[in-house]
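Student: I'm new to this one and would like a hand finding my way around. Can we go through it together?

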Amino acid sequence: MAGWRRILSYLGPHRGVLLLAALASVAYAALDAFSIVVLIPFLGTVFSAAGGSGNASAEPGRIDRVLDFTIGRFVDLDGDPQAAVAGIIVFILVLVVLKNAVDFARSWLSARVEQGVTRDLRNEVYGHLLELDLAFFGRVRTGQIVSRLTHDVEQLRTLVTAELIRALSWALVFTATLYWMLVVSARLTLAAFIVVPLTMVIWGPLIRRLRRGDREVLDMAGEVSSHIQETVSGIRMVKSAAAEPHERGRFLKLTTGYFETFLRTVRLRALAGPITEILVALGTGALLWYGARMVVVEGSLSGEAFVGFIFLSTKLYAPVKYLSKLPTLIQPGLVGAERIFEFLDAPAGIRDRKRARPFNGVRAGIRYRAVRMEYRPGEPVLQDVDFFVPAGAVVALVGPSGAGKTTIVDLLARFYDPTAGAIEFDGTDIRDLRIASLRGGLGVVSQETVLFHDTVRANIAYGRDDATPEQVEAAARTAHAHDFVMNLPDGYDTVVGERGTTLSGGQRQRIAIARAVLRDPPVLVLDEATSALDTESERVVQEAMEALLAGRTVFVIAHRLSTIRRADRIVVVDGGRIVQQGTHAELMEEGGLYRRLRELQFR
């Protein structure tokens with residue numbers, strides 16, 4: 001029940017529009033049913049003019065009083081038959097116009113609620129995801145995140161709005177139709193409901209089998225898609241192993257299974273229409289027999305009322321059929337809601353402390369004090385990491401892959417918090433600094449340059465909404481990027497494509513350096529920023545970086561040891577521990593891991 005309350009709470013901000021949609025649904029259901037009831041006086045007038053009896057009724061005055069109170073206010077039903085027929089036709093046309101106008105309003109208002117809920121859900125989930133720490137993104141696959149932001153939100157939208165509003169509409173249609181059927185004849189209404197339980201009894205098992213069949217079809221479709229993706233991505237291996245016949249056989253087996261499963265489900269679904277029609281025919285046959293008896297034998301019901309009742313009864317089956325399927329229709333939405341709430345309930349582990357203060361740069365230095373880090377309990381990736389970086393110094397972190405170098409700088413930005421120990425800026429624990437202010441004071445230039453599908457200008461100014469075009473251009477000049485940017489088709493307004501695919505590696509790096517120059521951070525992290533470049537591009541980027549290093553405290557992660565000879569201090573990391581510290585000359589003289597790594601690279 002709590003889950004349903006939480007799901008329905010998303011309708012709260014849209015309660016006004018939802019109320020209007022509900023009122024429109026009520027009006028539509030009433031007008032839809034009444035447009036059929038109006039046929040009764042029409043038929044009565046025609047039968048009476050033709051010499052028949054249009055006034056017999058087993059429930060004298062009941063339907064007549066209702067009709068006199070409604071259509072009788074506008075049309076003289078007891079006057080000239082021709083005038084009465086013309087008046088009834090005009091009245092029916094007015095009802096049709098009103099009904100369709102209300103139907104338009106209902107559809108538009110429902111769509112507004114649906115899209116409003118979708119927007120709110122996506123914004124809430126996306127906003128919460130941005131607040132989560134990197135540990136969450138290390139646990140959850142990217143595809144799962146995208147799926148829950150798109151597919152699962154859509155499923156929940158369908159549940160909260162589309163299906164619930166549709167269920168309300170059908171329930172109102174059912175209620176309005178049932179009301180008018182009771183007004184016409186309570187006995188005939190009871191007879192009409194004999195077939196309704198039979199409809200639900202037959203539809204229940206059929207829907208359950210359809211649900212299983214649909215799930216199997218979707219599973220098989222996923223298997224086919226996965227096989228295609230796997231084969232295409234590994235096509236080099238397929239061809240090198242001459243495994244085309246093997247893959248063709250596997251794919252044939254999958255497509256055959258999909259074909260057979262799909263046909264089984266279609267066969268079940270194809271039965272639904274005929275079964276429904278047969279049930280409707282049985283119910284209608286029973287009504288025709290019993291109603292004709294009331295008209296001909298008992299004389300307790302007028303012919304026109306009987307015909308109107310038959311039209312009304314046919315409108316019962318669609319709501320009954322839909323409402324009987326509703327439990328299966330809402331299941332995907334309930335599952336989607338559970339998956340979304342898992343994300344929304346995931347705690348953000350990295351938060352500001354109550355009295356956190358802004359970060360104002362580094363004056364004395366940065367101290368790692370006995371830092372220990374565990375991503376999983378009992379499995380440390382850093383142990384007793386202790387070193388000091390004076391303000392304005394360049395420190396290089398070197399060591400084998402997996403030694404813990406990236407984790408050291410990740411802790412600097414509070415992407416994670418250390419399991420034990422502390423990192424201090426001028427003696428202040430970074431956990432006492434505001435996260436946004438701290439990260440705003442850090443600049444990162446990495447080997448994997450991140451550019452967005454946006455203009456060059458927007459990529460340079462990312463995170464600096466207040467940057468002027470002049471400041472962006474000045475940063476690009478400092479990063480040696482201005483000249484190549486001006487040669488692009490639209491200059492600074494050129495869209496660089498997803499991940500900057502329209503630019504070369506060196507150009508992407510210079511854009512990233514320009515971004516860091518514009519931010520003007522007091523602390524800079526260079527994560528092997530030139531290792532993926534060719535010699536010429538590396539030379540240009542190195543020149544651009546020289547201007548960036550001046551006056552900043554810099555952390556350099558390096559595998560190519562030739563790039564760190566000018567570092568003020570080199571910290572050698574191995575197995576999550578610091579094993580050596582010193583300048584290049586000191587470490588070469590000392591020997592140990594640093595000297596071995598350098599000799600391996602330059603042998």
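**Around the sheet**

Tutor: Happy to. Keep in mind that this is a predicted model. A good place to start is R369, which stands opposite A422 in strand 4.

Student: Which helix packs on the sheet there, and at about what angle to strand 1?

Tutor: Look for a helix touching strand 1, strand 2 and strand 4. That's helix 15, residues 405-412, and its direction relative to that of strand 1 makes about 115°.

Student: What is the order of the strands in the sheet?

Tutor: The sheet is open, has four strands and pairs them antiparallel. Strand 1 and strand 4 (residues 420-425), for instance, are joined over five bridges. Strand 2 (379-390) and strand 5 (428-429) each have a single partner strand, so they stand at the edges. Put together, the order reads 2-1-4-5.

Student: Now E374: is it buried or exposed?

Tutor: First, place E374 in strand 1, which covers residues 365-376. Its relative accessible area is 18%. Buried means under 20%, so E374 counts as buried.

Student: Which residue's side chain makes a polar contact with the side chain of E374?

Tutor: The side chain of E374 has a polar atom 3.2 Å from the backbone nitrogen of G378, but that's a backbone partner. For a side-chain partner, go to the polar contact of 2.9 Å, which leads to R372.

Student: Leaving aside neighbours within four places in sequence, which residues is E374 in contact with?

Tutor: Set aside those sequence neighbours, and a short list remains for E374. The names on it are E379, P380 and T419.

Methods: Residues numbered from 1 in each chain as written. Predicted model: local features only at pLDDT ≥ 70, side-chain atom pairs only at ≥ 80, totals over all residues. Heavy atoms only, no water. Helix = DSSP H or I, 4+ residues; strand = E, 2+ residues; numbered from the N terminus. Buried < 20%, exposed > 50% of the residue type's maximum accessible area, 1.4 Å probe, protein only. Polar contact = N/O pair within 3.5 Å; in protein donor to acceptor, adjacent residues only side chain to side chain. Contact = heavy atoms within 4.5 Å. Pairing = 2+ DSSP bridges. Axes fitted to C-alpha atoms, helices over the stretch in contact; angles between N-to-C directions.
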